Amino acid sequence: KPDGSPVFIAFRSSTKKSVQYDDVPEYKDRLSLSENYTLSISNAKISDEKRFVCMLVTEDNVFEAPTVVKVFTVVIIFKKEVDPVTQLYTMTSSLEYKTSKADVQMPFTCSVTYYEPSGQKTIHSEQAIFDIYYPTEQVTIQVLPPKTAIKEGDNITLKCMGNGNPPPEEFLFYLPGQPEGIRSSNTYTLTDVRRNATGDYRCSLIDKKSMTASTAITVHYLDLSLNPSGEVTKQLGDALPVSCTISASRNATVVWMKTEESPYINGRYYSKIIISPEENVTLTCTAENQLERTVNSLNVSANENREKVNDQAKLIVGIVVGLLLAALVAGVVYWLYMKKSKTASKHVNKDLGNMEENKKLEENNHKTEA
């Protein structure tokens with residue numbers, strides 16, 4: 001055993017001529033002990049490379065003789081040549097080896113052991129890694145980029161792979177409801193997918209269509225309609241029945257909300273909405289009056305906490321209110337400036353008129369004195 005403990009596998013008595021094989025599973029039906037005490041092991045395996053001991057038991061003593069069995073899975077051919085002049089030996093060793101997929105990227109080396117006056121010496125060759133080719137035995141398909149949900153308008157890419165070496169470079173892609181495959185490289189892209197793209201997608205090898213892989217794709221959608229919609233005018237106190245109709249690819253929860261607004265007091269006004277985005281979105285707030293139009297945007301990540309979103313939304317509201325106040329102040333200042341300019345112009349014109357009249361009076365007085 002690997003730990004050094006012995007296991008008896010076969011016994012033959014010289015007196016009773018009987019053979020007994022112990023119950024060792026790895027040697028079941030592979031052992032044969034002949035009359036001349038030769039043990040044969042059929043169908044040799046790498047695991048048979050062990051230390052075997054032949055034990056002779058007599059009335060007076062016990063004798064043991066060990067041997068180590070080496071098991072090779074290769075054919076090694078030796079060739080020896082002697083130089084008739086120098087009497088030096090040239091040794092050539094050739095290896096015949098049947099590779100498997102497990103040997104991919106495995107290094108092969110050979111070593112030479114020889115004797116010199118200082119003793120035994122061993123040298124090793126450089127490692128060699130061989131290209132091992134084998135056909136594709138399985139194909140797989142995946143959707144890129146990996147998403148928890150695909151929605152209408154998304155772009156998705158199907159990627160097909162084979163486990164052969166070298167890997168296949170072309171495949172056939174089968175779309176739902178289409179029996180004929182589309183020849184493409186190992187990727188096939190669908191752009192701006194719609195709900196009718198939901199279904200099973202397959203890919204196969206070009207020369208072996210029976211070897212396929214498939215994946216199911218669901219394109220999610222959400223249609224929402226209100227009745228009535230648009231702007232509705234009602235008398236104060238009238239009832240306003242509103243119905244919400246939803247068509248979705250999976251269960252949806254309906255929540256009714258009124259947008260929160262403040263009255264316009266002292267040049268200030270705000271409007272607030274609450275959102276729960278499932279993906280990154282951009283919010284745009286537009287404030288407009290007769291003097292100016294201001295637009296502000298905010299990028300909201302779906303994984304941000306709600307308090308942060310609310311704080312940033314309040315910040316936008318504050319900025320917009322501030323801009324409205326600035327625009328209002330600018331308008332008032334402009335109005336006062338224009339009013340003051342008109343008044344000043346009237347005074348200037350009046351003064352100029354008085355100066356002309358005085359000048360004419362003085363001229364008349366001079367004429368009279370003369």
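Reader: Is Tyr37 buried, partly exposed or exposed?
Author: This is a predicted model. Tyr37 sits in the loop between E3 and strand E4 (39-41), and its phi is near 65 degrees, a positive value in a residue other than glycine. Its relative accessibility is 46%, and the exposed class begins over 50%, so Tyr37 counts as partly exposed.

Reader: How does Asp29 count, as buried or exposed?
Author: Asp29 belongs to the loop between strand E2 (19-21) and strand E3 (31-33). Its phi is near 65 degrees, again positive in a residue other than glycine. With a relative accessibility of 71%, Asp29 counts as exposed.

Reader: Which residue does a cis peptide bond join to Leu144?
Author: The residue in question is in the loop between strand E11 (139-144) and strand E12 (150-151). Omega of the bond is about -10 degrees. The partner of Leu144 is Pro145.

Reader: What is omega for the peptide bond from Asn165 to Pro166?
Author: Pro166 is placed in the loop between strand E13 (156-162) and strand E14 (171-174). The bond that leads to Pro166 from Asn165 is cis. Its omega is near 0 degrees.

Reader: Which strands stand at the edges of the open sheet of three strands, and why is one side of each left without a neighbour?
Author: The order in this sheet is E11-E13-E16, and the pairing is antiparallel. Two of these strands have a single partner strand each, so one side of each lacks a neighbour in the sheet. Those edge strands are E11 and strand E16 (187-190).

Reader: What is the bridge partner of Lys159 in E16?
Author: E13 and E16 run antiparallel and are joined by four bridges. In E16, the residue that partners Lys159 is Thr187.

Reader: What is the order of the open sheet that four strands form?
Author: Pairing in this sheet is antiparallel. Its edge strands, strand E15 (182-184) and E18, each pair on one side only. The twist averages 25 degrees from one strand to the next. The order is E15-E14-E17-E18.

Reader: Which residue in E15 does Phe171 stand opposite?
Author: E14 and E15 pair over three bridges, in the antiparallel sense. Across from Phe171, the residue in E15 is Ser184.

Reader: How many residues lie between E17 and E18 in their hairpin?
Author: Strand E17 (residues 199-205) is joined to E18 by six bridges, and the two run antiparallel. Within this pairing, Arg202 stands opposite Ser214. The number of residues between the two strands of the hairpin is six.

Reader: Which residues make up the covered face of strand E18 (residues 212-217)?
Author: The uncovered face of E18 holds Thr212, Ser214 and Ala216. The covered face consists of Ala213, Thr215 and Ile217.

Reader: Which residues touch the most other members of the largest nonpolar core?
Author: This core has 20 residues. The elements giving two or more residues to the core are E11, E13, E14, E17 and E18. The members that touch the most others are Val139, Ile150, Ile156, Leu158, Val193, Tyr201 and Ile217.

Reader: Which residues does Val193 touch, not counting residues up to four places away in sequence?
Author: Val193 is one of the members of the largest nonpolar core that touch the most others. With residues up to four places away in sequence left out, Val193 touches Ile150, Lys151, Glu152, Gly153, Asp154, Ile156 and Val219.

Reader: How many residues does the second, separate core have?
Author: Ile9, Val24, Leu31 and Phe52 are among its members. The size of this second core is five residues.

Notes:
Residues numbered from 1 in each chain as written. Predicted model: local features only at pLDDT ≥ 70, side-chain atom pairs only at ≥ 80, totals over all residues. Heavy atoms only, no water. Buried < 20%, exposed > 50% of the residue type's maximum accessible area, 1.4 Å probe, protein only. Pairing = 2+ DSSP bridges. Core = buried A, V, L, I, M, F, W, Y, C linked by side-chain atoms within 4.5 Å. Contact = heavy atoms within 4.5 Å. Axes fitted to C-alpha atoms, helices over the stretch in contact; angles between N-to-C directions.
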